[in-house]
Amino acid sequence: MPSSRSPGRQRLALFVAAAVTLITSCLVVVPAMAAAPVLLSQGKPATASSSEVAAFPASSAVDGNLGTRWSSAFSDPQWIQVDLGATASITQVVLNWESAYGKAFQVQTSPNATTWTSIYSTTTSTGGTQTLNVTGSGRYVRVYGTQRSSQWGYSLWEFQVFGTVGTTPPDPTPTPTPTVNPPDPGGDKLLSYGKPGSASTSQSDQNCGNCIPARAFDRDPATRWATSSTTGWVDPGWISVDLGATAQIKKVVLQWDPAYARAFQIQVSPDGNAWTPIYSTTTGTGFKQTLNVTGSGRYVRMYGTQRATAYGYSLWEFQVWGTGGAPITPPPLPPDPAVPPRLVWSDEFNGASGTKPDAAKWRPETGPGVNNELQYYTNNDNASMDGAGSLVMEARRQVTAGSACPRDPISGSTVCQYTSSRLNTYGKFTFTYGRVEARIKPSGTKGLWPAFWMLGADFFDQNRPWPYVGEIDIMEHVGKEPHNVYSTLHAPAYFGGAGFGKSYTIPGNFNDAFHVFAVDWNSKGMRFTVDGNLIHEVNRETLETTVGPWVFDHPFFIILNNAVGGDWPGPPDATTVLPQRMLVDYVRVYQ
C-alpha cells in the first residue's frame, strides 16, 4: 500500500470547554444584583447575506468550533447576523476573523431584524481576534461589512455576542431563515447536531487534542471525542447529549474510533439524572453501528461498561435521530453531480512551447518535498507546455544552493540534488463531487514518484492537519514498479501505509504511453479507473462499517507532481535515468 505525501501534524487544541455555573438558592433576601455578562450567541440561529459555498454557512460562526467558519461571496457589502432569542443588553462582541477579514464594518443591533442601530464602527480593522466592548440592546446582532481586506469575501471562525438577557419577552418576529426549529412532530430528524454534550472524561494530549464531547455532535467525521488518556481508560465511560427538549428517539448512529465499546447501553433521561436503557449489547463490533431504538427523553447517553481495547472509549460521531427535541438544522450537504455530468473546469495545455502553466488555474508549490523526498520544487522552472498539447513536469539532477533535503545516497549531500514541479488548484478551483480525469504519461525510472491526486481544501482554509482533511489519490506510480499504478484514500482512521486502496497492473510499462486516470465521486462512494478499467471501487456504507469514517463531503483541490525519492519509491540509484518528464495532456472535471 502507498504512503502519503502529505505531512501529518498534530492537532492543536482550538478552544476551551465552557465552565458550568452552579446556581444555589438562599433563604435570606438580599438586594438584586445585575447578572454577569454571558455568551449569548453560541448555537443560536444565524443567517447571512451569502455563503461562499454550502460548507461555510452562517451557523458555523456561532457553533463554538474554531475549526469551522462562515465565508461570504466575494463582494461588498456582506453581513452575518444572529438571533439571540430575546432582547438582551449587549456588552461585548468578539470576532475571530479568518484571513479574509473586514477592513471596514459595523456591529449593529435590532429588535426585529429590520431596523438596525450601529453600536460599533471601523474603517481600519486589522483582522485577527477583535474583542469589542460595546453598549447596545436588541434581539438581533449583526456584523455589516462594507470593505473587504482582500479579493476574497468576509470570513469568521467565530462571532460571539456577550451580555445579559433582560425580562423583555422575546420579539414575536421570526428570524428570516431560522436554523433552530421548535419541537416537530413530523419525520425523523437529526436531533443531536450542535447540541451540548458532557462525558465521564475527555482527552486532550498530543494524540487527541481537545477531544471533547462537542466533537461527537458536530457532524464532522474527522473530529472525535475520547475519554482521558490519564483517567479515562477505565470502565465505565460515557458521553451524553442534551437535545434541548423531550424527543421521541428512533435511531442512534455511532461511528467508533478503534477504541470502541464491547459492552454498552444507550440510555435516555428526562433530566440527565435518572437513566433508562433503550438498547444494550455485550458484543459491540465498533466501526459504524446504526441502532434502531424506541425511547423518549431530553437526554441520550452512550454508557460503556466494557472496552474492546486497553484504551478508553472514543466516537467520531454520535447521532441521535427522531422527532421532537429542539433540533438545530445542520448545514446542507453538497448535491451529487448531475446525470449526465457536464464539464465545469478543464485545462487542455494547448499553449505555445515554453508557455508556463495558466496562473488563473494553477499555483506552483515551491521548496523541498515531504516523506523524505529529495527534490526541490521550483517556481515553474520545471513546468511548461511542449507546444504539442501537453504540460511537461520535468525532474532533473540539479543542485539548489542553500536548500536542505534528506541525505542523497549518491552524492552524500543534504543540499537538494534534484529539481522538479508540483502544481495545485487551491485558491483557483475547489469542488465537491464529480468526475475528475487526466490523460497522463507518467515518468518512469528508479526513484521517481509521479502522482495525480486531491487534498481537502481545509488543509489551507483552516490550517487543518493531514490526514483529517482527507486525501484522494487518483494515480500514484513508482519507478521501481513500472507496470503498476495505485489509487488510495487517506483519512484519520486509515492513512499512510494503511490507506484504503488498490493497485492496477498492465503487461507493459505505464511510462511508455498516455493513460486516462479518473475517479467518479459522489455522496455514496468513489470509482477509480485507468483507461476505463476499474482499479478500485469504494462503497461509502461499507467503508464506514468496516474501515472508518468517510471524510469526503467537502471541497477538495487538485494536485499534480513529479517527485524524486521518498519513503515509498526509494532514492535514485546508479540505474536512474534523468531528466524524466511527466506529460499531462489534459485535466477535466465534470459535475
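**Disulfide bonds in the predicted model**

Cys208 has a relative accessibility of 3% and therefore counts as buried, the term denoting under 20% relative accessible area, with exposed meaning over 50% and partly exposed in between (1.4 Å probe, protein chains only). The model is predicted, so that local features need pLDDT of at least 70 and side-chain atom pairs count only at pLDDT 80 or more, while totals for chains, interfaces and linings use all residues. Residues are numbered from 1 along each chain as its sequence is written, and side-chain values use heavy atoms, with hydrogens and water left out.

A search of the whole structure yields 2 disulfides, each defined as a pair of cysteine sulfur atoms within 2.5 Å. In one of these, Cys208 is bonded to Cys211, with the sulfur atoms 1.8 Å apart, and the torsion of -100° about the S-S bond makes the link of Cys208 and Cys211 left-handed. Cys211 likewise counts as buried, because its relative accessibility is 5%.

The bond between Cys405 and Cys416 has an S to S distance of 1.9 Å, and its torsion about the S-S bond is about 90°, so this disulfide is right-handed. Cys405 and Cys416 lie in the loop between strand E24 (391–397) and strand E25 (418–420), so the pair ties together parts that are 11 residues apart in sequence; strands here are DSSP runs of at least two residues (E), numbered from the N terminus. Cys405 and Cys416 are both buried. When the bonded cysteines of the protein are numbered in sequence order, the pairing reads 1-2, 3-4.

Technical notes:
Helices (H or I, at least four residues) and strands (E, at least two) are DSSP runs, numbered from the N terminus.
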